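Student: Hi! Could we go through this structure together? I'd like to ask things as I spot them.
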Amino acid sequence: MSKELRVNSKYIDQTTRIPFKFNGKTFYGFKGDTLASALLSNNVHLVGRSFKYHRPRGIMTCGSEEPNAIVQVSNDPSLTEPNVRATEIELYEGLEANSQNCWPSVNFDIGGINNFLSPFLPAGFYYKTFMWPASFWEKYEFFIRHSAGLGKAPTKPDPNIYDHQYAHCDVLVIGGGISGVIAAKLSAEKKLNTILLDDKKDLGGVSIYNNDDNFKINDQNVSKWLSNEIENLKKYPNLSIKTRTSLAAFHGYNYLLARENLTDHLNVNDRKDKIRQRLWKIRAKKVVIATGAIERPLIFNNNDRPGILLSSSIKKYIDYYGVKCGTKISIFTSNDSAYETVLSLYKNGVKINSIIDIRDKSESLIVKKVQDIGIKIYWKHTVVNTKGYKRINSVELMKLNEKGTGVIGDKINESCDCLGISGGWTPMVHLFTQSGGKLEFNRIDNMFIPDENKSPSEQISVGSCNGDLELDDIIKKTNLKTKEFLDINTSIFDSLKIQNSKEKNKKNIWLLPSDKALGKTKPFLDFQNDSTAKDVKLALREGFKSIEHVKRYTTTGMGTDQGKLSNMHALGIIADTTGTNMGELGTTTFRPPFTPLTFGAIVGRNVGQFFDHTRYSAMHNWHETNGAKFENVGQWKRPWYYPKNKESMHEAVQRESKAARDSAGILDASTLGKIDIQGTDASEFLNRVYTNAWSKLQIGKCRYGLMLNEDGMVYDDGVTTRLGENHYIMTTTTGGAANVLNKLEDYLQTEWPELDVYLTTVTDHFSTISICGPNSKKIVNKMIPDLDLSDQNFPHMSFKNSSINGVRCRVMRISFTGEHSYEINIQSNYAKNVWEMSMEAGKEYNITPYGTETMHLLRAEKGFIITGQDTDGTLTPVDLQMDWIVSKKKYDFIGKRSLYRSDTIREDRKQLVGLITEDPNEVLEEGAQIVEDLNKKPIEMLGHVTSSYFSPNLNKSIALAVVVSGKNLRGKKLFVPMENKNINVTITDTVFYDKENKRLNA
Amino acid sequence: MFVINCPFCGERDQSEFSSGGEAHIIRPKQPTELSDDQWAEYLFMRKNIKGVQFERWNHAHGCRKWFNMIRDTSNDKIHAIYKMGEKPPIV
């Protein structure tokens, strides 16, 4: 820290020195400093390089609007964070920050050559240059990608904890400046449940350090009056104050998101195990926006040099942080507020060189005081150029002509090491417009303000975000508006005595003239993206008219700061150039978030295992213990295969598939959806939702059903069992369970409310153990000796109530493998035991647990479809060659009418077929395309492979596929072209194994 | 995100609900007697109004009941909510 640049401040702790690193070098600041104020106190202005021209850039502001001083924080690959505003980083021990967008260093940056090439890099340079020849794009892209982007993303997962929390309140006050504090007190006084947010570490905004004798409230300094008010706020139990909390988004119905910073200001060693950020999801009955205003820069030649700051920021650095931004300061202004800065600097002994004011004069008290001190004021002058590459060292000024459109007279040179600029104020209307509010243009003050009549929800804007910039206006209007809004009868703020020494007199010139032609100057509008007034005018000349187009073409306002500083100037220049009224021109759209949010804050705790629900069957532990590999099916973890002795997946699946057909296999089928259907109209309901008929299904029998969408496409399938006269249990696919239930509920509630039917999901209540193979009967018999398993008593597609060791169970004789098989459905808490019993009973028959892969293989051998694998929402039952399941007799069912639309009866639709490869060992890739003519270009794709396996039971490769007109192409030879070869295939029947279904009763 | 007053549960956040598209499209009682065009009209054609629109909503993560809503799509203002089978109120 340089002692010459520090003065006393009561707002920060000047007794605690904190070391930090910037670009590898150690500096010191005080507790309470921001990185920006600490750097300034070390006389460091140059902190980064601009995006396009790599021009040296310095700290320009003191808040969230900062365009230049964005840094990379932390060198840790998991904690590093790009694009953080140095003006918002509270200094802490362990802070490491680095400049961005420069190489090898911010002081010597190779990219700086772009600045000299800048005449060749106008707006739209990339669009114009890299369009041709088109084939070169891949080469261009490599270089463009290298130069794109500012900071660096972390390369390792973020170890921090982030949190989400909901809050409901009567009144939310956004912004803890003087107007926010008044509104919050009124609300709290009325006993309303109130939340007050501010993004800084303390409440008070800019007024909290206003100790200027020219401004008084009840004869007290503004600062003193306000700190008393803030102290008083603490007594309200119904008022919750959240500092370091930045409002990110204002959505409809007064739903707002705010990010609270909890640990970023702590020393690195004190952060362990603490929540870093919390995203508040706030639902407020009423919202008071008190977000203030941002000072505007002035747009003149070379207005971007390090050492050029907003005048109000220079004031905050001296008054609040006790930091001098320079030792020889000039001020360039269009209004009275810069004179407050001058007085603050003067009081702290900083030399003020000169004031350049574009106005003719000002009669206000505050200007008079400055004149009395004897500071030179150049009235009606403008800065035409600045000098100094890495730090401003002088300004050149000239007199403005009568209209302010050009300069006259001689050039005056004034040396300085810092220039404060003030172009008036821009109300922060972002939140109001985010919520859907419309703006109106105030022509006197040249600013967009909320249109009170077009407020989309219960909200008001108060203070300078509403365009009230003077102390007396702010207090009086905030008081009146809030009282009316909250329906309050109190006079606590009615009779304040307010002294204001400024005048509203200001002059507005969006683009200040220079002695040089515009083309030879660099008046920056967007400091981060390096777009200048010249670029905006070029865009207009090239025919871009809409402000949204000009924005995208020139990238004005598209940086991480979203153009908070000078979007207005861009609009003003467009309006001036095109002769449009700014109100008609409108603004670009302000979208959330107001300042960038971390991904951590957005996802909160929903990371890792909490990203999505994971569902486990009751037998999961057994599968794990027995070495199963798992597959994700929807949210379920299903055993995929059970490798033994380092088997590969292929080897395990071949073994499991063979065992299931040779002796016995066992599958955990618990994840299939189960819907309990009851009611006197249950049969009628099934008639309407499935393609086949259900009325005649006897109690105790099972039937396979196919469900369509109303467009006739296959949606889901499964076996439904009639448990009683008015009682069924339906099974659905694992992934489709929830959707099927929703769809059925939809029809029941909205189309057929007259049906007496009740649906209950019982997927988790019952677990399903499927035992298949020629020895399955013997195994089940050992487990349930009382149950008569003879084909007469218990034929295929039937069901029996039974019990195992006194626990009731439902046993179905149904098969998805084509083998003789049983499904035992038992209450889930007994399922693992019964599974183990099955393993024990099947031991002598080499019972083999198999997973989803073997299940898929076995069913493919039988040509059974899997909806979602062999179907994709474009296939009808006819396309699947499943005409047999579509009832011709039923008058109606979901999707029936669509089955004879002109499109669905086309003969040349894609239809499900079997495929056999010429080489029986060649297994096709699922998804591979199928073609007939390899020579015709472009090659016509006839279809694709949907399922493909090597069948150990047939000892050859088999596949299912969908092929145009496939039904009529049996025996046809086609090709599956792959990267290195063409595979010869032949279309076959879809059933490859046991075509006569003899094994079902084996 | 709106607040929706479920006719069975009361006010809840929109995140608990799912939208089911345009309301008052009645499934034809005798689909087989419709021409392709008439069936297509029922099956595919939906209005997408900027302004006041009649919609179906489902309290998917709540009571799972379907109901109707009259909503202005231009500003998300909900004008009325009424149960299935009820006549839409005049707004």
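Tutor: Happy to, and keep in mind that this is a predicted model. Let's begin with a salt bridge: Lys497(A) pairs with Asp219(A), and their closest N and O atoms are 2.8 Å apart.

Student: Where do Lys497(A) and Asp219(A) sit along the chain?
Tutor: The pair links distant parts of the chain, 278 residues apart. Lys497(A) is in the loop between helix 11 (471-486) and strand 29 (498-499) of chain A, while Asp219(A) is in the loop between strand 10 (216-217) and strand 11 (220-221) of chain A.

Student: Is Asp219(A) buried or exposed?
Tutor: Asp219(A) counts as exposed because its relative accessibility is 53%, and the cut-off for exposed is over 50%.

Student: Why do side chains pair up like that at all?
Tutor: Side chains of opposite charge can pair when their charged atoms come close.

Student: How many salt bridges does the structure hold over all chains?
Tutor: There are 71 over all chains. Another one joins Asp445(A) and Lys506(A), with 3.8 Å between the closest N and O atoms. Asp445(A) lies in the loop between strand 26 (439-442) and strand 27 (447-450) of chain A, and Lys506(A) lies in the loop between strand 29 and strand 30 (524-526) of chain A, so this pair ties together parts that are 61 residues apart in sequence.

Student: And how accessible is Lys506(A)?
Tutor: Lys506(A) has 28% relative accessibility, so that residue counts as partly exposed.

Student: Which residue does Asp994(A) meet in a salt bridge?
Tutor: The partner is Lys862(A), at 3.9 Å from N to O. Asp994(A) is in the segment after strand 50 (982-988) of chain A and Lys862(A) is in the loop between helix 23 (852-861) and strand 45 (910-917) of chain A, so the pair ties together parts 132 residues apart in sequence.

Student: Buried or exposed, for Asp994(A) and Lys862(A)?
Tutor: Asp994(A) is buried, with a relative accessible area of 13%. Lys862(A) counts as buried too, at 3% relative accessibility. There is also a network in which salt bridges that share partners join Asp879(A), Asp903(A), Arg906(A), Asp908(A) and Arg909(A).

Student: You mentioned helix 23 of chain A. How many of its residues are buried?
Tutor: Ten of its ten residues are buried, so by the under 20% cut-off the helix is mostly covered. Among them are Met855(A), His856(A), Leu857(A) and Leu858(A), and also the charged-type names you may recognise, Glu853(A) and Arg859(A).

Student: What covers the buried residues of helix 23 of chain A?
Tutor: The cover includes strand 32 (629-633), strand 33 (636-641), helix 18 (649-662), strand 34 (665-668), strand 47 (941-951) and strand 48 (956-964) of chain A. Following helix 23 of chain A comes Gly863(A), with a positive phi near 75 degrees.

Student: OK, switching to strands. What's the story with strand 24 of chain A?
Tutor: Strand 24 of chain A spans residues 418-422, and five of its five residues are buried. Both of its faces are covered: Cys418(A), Gly420(A) and Ser422(A) lie on one side, with Leu419(A) and Ile421(A) on the other.

Student: Which strands pair with strand 24 of chain A?
Tutor: Strand 17 (residues 308-310) of chain A runs parallel to strand 24 and is joined to it by three bridges. Strand 18 (residues 328-333) of chain A also pairs with strand 24 in the parallel sense, over five bridges. Leu419(A) in strand 24 has Ile308(A) standing opposite, and Ser330(A) stands opposite Leu419(A) as well.

Student: Now chain B! How many residues of chain B are in contact with chain A?
Tutor: 27 residues of chain B are in contact with 28 residues of chain A. Met1(B), Arg27(B) and Arg64(B) supply 30% of the area that chain B buries against chain A, more than any other three residues. The area buried between the two chains is about 2400 Å², with carbon and sulfur atoms giving 45% of it.

Student: How many salt bridges are there between chain B and chain A?
Tutor: Six. One of the salt bridges in the structure brings together the side chains of Arg283(A) and Asp13(B), at 2.5 Å from N to O.

Conventions:
Residues numbered from 1 in each chain as written. Chains lettered and ligands numbered in written order. Predicted model: local features only at pLDDT ≥ 70, side-chain atom pairs only at ≥ 80, totals over all residues. Heavy atoms only, no water. Buried < 20%, exposed > 50% of the residue type's maximum accessible area, 1.4 Å probe, protein only. Helix = DSSP H or I, 4+ residues; strand = E, 2+ residues; numbered from the N terminus. Pairing = 2+ DSSP bridges. Contact = heavy atoms within 4.5 Å. Buried area = accessible area lost by both parts, 1.4 Å probe. Salt bridge = Lys/Arg side-chain N within 4 Å of Asp/Glu carboxyl O.
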